[in-house]
Amino acid sequence: MKTIAVVIASLIAFSGAAHAADATAPVKEIMDATRSNWADNNSDWTDIFDASRLDHLYSKDFIAKYQAAAQFPAGDDDGISPFDYDVIVNGQDSCPLEDLAMAAAPPVNGTTEVTVRFKKSACADTPDAKDYTTVRFEVVEQAGQAVIDDIVTENIETQGRDSLKATMALIAKGQ
């Protein structure tokens with residue numbers, strides 16, 4: 001009887017794990033677009049915050065903060081983005097991304113941190129050309145789907161981390 005209970009418990013645990021949303025899926029889609037944006041293939045720029053991506057890749061809270069910040073577009077060509085830089089490479093310029101690696105940590109309090117590392121300046125003739133950039137995506141499950149709740153980048157100047165949601169809140173306040 002004990003064996004049957006263990007088997008049933010294992011099947012229940014396994015079926016729950018099998019149905020858990022893949023936390024890396026939305027991050028992979030964003031990173032594929034970002035890699036394409038900086039590739040040397042002259043492809044059209046992919047907006048990682050266009051309406052179709054907002055609807056299925058980001059949390060409701062992230063979307064609300066983005067839409068509030070979008071009321072204050074940056075001085076860019078399209079006049080709709082609240083950012084005047086690529087929030088993933090954390091800059092206005094980049095080389096084709098190299099050595100991209102992605103890893104998901106175990107969930108903590110319903111949030112899975114997916115860490116992405118890559119070289120963004122490998123083609124440049126600068127001292128930091130071989131340095132890695134690290135971006136952390138905070139992924140939550142919403143309506144059974146993994147969605148990005150925040151994008152956190154390293155701040156080289158302060159040695160801290162910058163939350164994109166916090167940045168969007170400041171933009172929405174006109175700061």
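These are my notebook entries on a predicted model, covering its sheet, two helices, its aromatic rings and one lysine.

**Entry 1. The sheet.** I began with the strand order. Five strands make up an open sheet, arranged β1-β2-β3-β4-β5 with antiparallel pairing. I then asked which strands stand at the edges. They are β1 (98-104) and β5 (160-163); each has a single partner strand, so one side of each is left without a neighbour in the sheet. I also noted the turn between neighbouring strands of this sheet, which is 25 degrees on average, direction ignored.

**Entry 2. The β4 and β5 pair.** I looked up how many bridges join β4 to β5. Strand β4 (residues 145-155) is joined to β5 by four bridges, and the two run antiparallel. Within β5, Asp162 is the bridge partner of Thr153.

**Entry 3. Helices across the sheet.** I recorded two helices here. Helix α2 (residues 24-38) lies across β1, β2, β3 (133-142) and β4, and runs at about 165 degrees to β1. Helix α5 (residues 164-172) lies across β4 and β5, at about 60 degrees to β5.

**Entry 4. Aromatic pairs.** I found a count of eight aromatic pairs. One of them joins Trp38 and Trp45 edge-to-face, with 5.3 Å from centre to centre and 90 degrees between the planes. Trp38 has a relative accessible area of 13% and is therefore buried. In the pair of Tyr58 and Phe62, the ring centres are 4.6 Å apart and the planes are at 15 degrees, so I entered this pair as stacked. Tyr58 is buried at 1% relative accessibility, and Phe62 is buried at 0%. I then followed the ring pairs outward: they link Tyr58 and Phe62 with Phe49, Tyr66, Phe83 and Tyr85 into a cluster.

**Entry 5. Lys119.** I placed this residue in strand β2 (residues 111-119). Is Lys119 buried or exposed? Its relative accessible area is 13%, and because buried means under 20%, I entered Lys119 as buried. I next looked for a polar partner: the side chains of Lys119 and Asp99 are joined by a polar contact of 3.2 Å. With neighbours within four places in sequence left aside, Lys119 is in contact with Pro96, Leu97, Glu98, Asp99, Lys130, Asp131 and Tyr132.

**Entry 6. A charge over a ring.** Tyr132, listed among the contacts of Lys119, came up again in my last search. The charged end of Arg117 sits over the ring of Tyr132, at 4.1 Å from the ring centre.

Definitions and conventions:
Residues numbered from 1 in each chain as written. Predicted model: local features only at pLDDT ≥ 70, side-chain atom pairs only at ≥ 80, totals over all residues. Heavy atoms only, no water. Buried < 20%, exposed > 50% of the residue type's maximum accessible area, 1.4 Å probe, protein only. Polar contact = N/O pair within 3.5 Å; in protein donor to acceptor, adjacent residues only side chain to side chain. Contact = heavy atoms within 4.5 Å. Phe/Tyr/Trp six-rings, centres within 6.5 Å; stacked < 30°, edge-to-face > 60°. Lys NZ or Arg CZ within 6 Å of the ring centre and 35° of its normal. Pairing = 2+ DSSP bridges. Axes fitted to C-alpha atoms, helices over the stretch in contact; angles between N-to-C directions.
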